[in-house]
Amino acid sequence: MQQTATETLNDLILINNDRIKGYERALKDNRSREADLDILFREMIEQSQRFNTALTALVQQGGSQPETEGSLSGKLHRAWMDFKTTFTGHNRKNLLIECERGEDASKEAYNEALHEDNGLTDEQREIIAGQAREQSDSHDRIKALRDETLSRKAE
């Protein structure tokens with residue numbers, strides 16, 4: 001079934017809402033208060049908020065209402081993250097592993113939006129492509145930190 005442009009834009013809003021909530025949770029779970037992680041998590045929250053401002057404007061330009069809640073898959077991921085940290089702790093390694101998993105989901109959502117036949121206009125596609133590039137860079141930052149943390153633990 002072909003997805004409409006509005007549905008695609010709203011799906012991305014939901015993914016960004018999940019991303020915001022995930023990083024807010026990561027901030028809370030950063031109990032050792034590692035400053036670099038706090039800064040990074042806040043940057044990711046701000047990035048998602050900025051993305052949603054642009055996506056919301058696109059939905060409204062089309063005469064529709066933007067989504068405001070998180071997606072079911074995001075809620076399930078956060079619930080799983082809550083459960084897992086109960087057993088594994090709130091250390092740097094586990095926080096980064098979970099954040100990278102969330103970034104994978106976000107990256108996949110943006111790739112799907114760009115590669116499906118969903119009726120996006122050229123302007124919408126350009127904005128989403130720009131966000132996808134930024135999100136991919138963020139994913140790579142998280143992954144690099146995770147890998148660095150894992151390699152330090154292995155030494």
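1. D140 is placed in helix α5 of this predicted model, and because its relative accessibility comes to 40%, D140 counts as partly exposed rather than buried or exposed. Its C-alpha atom lies 8.6 Å from that of E100, although D140 and E100 are 40 residues apart in sequence.

2. R146 is also found in helix α5, and here the assignment goes the other way, since a relative accessibility of 16% falls under the 20% limit and R146 therefore counts as buried. When residues up to four places away in sequence are not counted, R146 touches L96, I97 and E100. E100 thus appears twice in these notes, once as a residue touched by R146 and once as the residue whose C-alpha atom is 8.6 Å from that of D140.

3. E123 is a further residue of helix α5, and with a relative accessible area of 44% E123 is partly exposed. Leaving aside neighbours within four places in sequence, E123 is in contact with L58 and Q61. For L58 there is also a C-alpha separation to record, which is 9.1 Å from E123 across 65 residues of chain.

4. On the overall architecture, the chain contains five helices and zero strands, so that, by the DSSP assignment, its order along the sequence reads α-α-α-α-α. Of the 155 residues in the chain, 45% are buried. If one takes the contacts between residues at least 6 apart in sequence, 80% of them join residues at least 24 apart.

5. The packing of α1 against α2 may be considered next. The two helices pack at an angle of about 160°, and their axes are 9 Å apart; because angles over 145 degrees count as roughly antiparallel, that term applies to α1 and α2. The crossing in which α1 passes α2 is left-handed.

6. Helix α1 also packs against α4, in this case at an angle of about 170° and with the axes 10 Å apart, which makes α1 roughly antiparallel to α4. On the α1 side the contact is made by T8, L12, I15, N16, R19, Y23, A26 and D29, and on the α4 side by L95, C99, E103, S106, A109, Y110 and A113.

7. Which residues have the most contacts inside the largest nonpolar core? That core has 15 residues, and those in question are L9, L12, L55, Y110, L120 and I128. Two or more residues are given to this core by each of α1 (5-29), α2 (35-61), α4 (92-115) and α5 (122-154), and the largest share, five residues, comes from α1. I128 illustrates how the elements meet, being in contact with L9, L12, L55, Y110, A113, L114 and L120 once its neighbours within four places in sequence are left aside. Another core, of 14 residues, lies apart from the largest one, and I20, L40, F41 and L95 are among its members.

8. The count of aromatic pairs comes to two. In one of them, the rings of Y23 and F41 have their centres 5.6 Å apart and their planes at 40°, an angle between the limits of 30 and 60 degrees, so the pair is tilted. Since Y23 lies in helix α1 and F41 in helix α2, this pair ties together parts that are 18 residues apart in sequence. Both Y23 and F41 are buried. Y23 is also listed on the α1 side of the contact with α4, while F41 is among the members of the 14-residue core.

9. The other pair is formed by F51 and Y110, whose ring centres are 6.1 Å apart and whose planes stand at 65°; because this is over 60 degrees, the pair is edge-to-face. F51 lies in helix α2 and Y110 in helix α4, so the pair ties together parts that are 59 residues apart in sequence. F51 is buried, as is Y110. Y110 recurs in several of the points above: Y110 is one of the residues with the most contacts inside the largest nonpolar core, belongs to the α4 side of the contact with α1, and is in contact with I128.

Technical notes
Residues numbered from 1 in each chain as written. Predicted model: local features only at pLDDT ≥ 70, side-chain atom pairs only at ≥ 80, totals over all residues. Heavy atoms only, no water. Core = buried A, V, L, I, M, F, W, Y, C linked by side-chain atoms within 4.5 Å. Buried < 20%, exposed > 50% of the residue type's maximum accessible area, 1.4 Å probe, protein only. Helix = DSSP H or I, 4+ residues; strand = E, 2+ residues; numbered from the N terminus. Contact = heavy atoms within 4.5 Å. Phe/Tyr/Trp six-rings, centres within 6.5 Å; stacked < 30°, edge-to-face > 60°. Axes fitted to C-alpha atoms, helices over the stretch in contact; angles between N-to-C directions. Parallel < 35°, antiparallel > 145°, perpendicular 65-115°, else oblique. Left-handed = near helix turned anticlockwise from the far one by under 90°.
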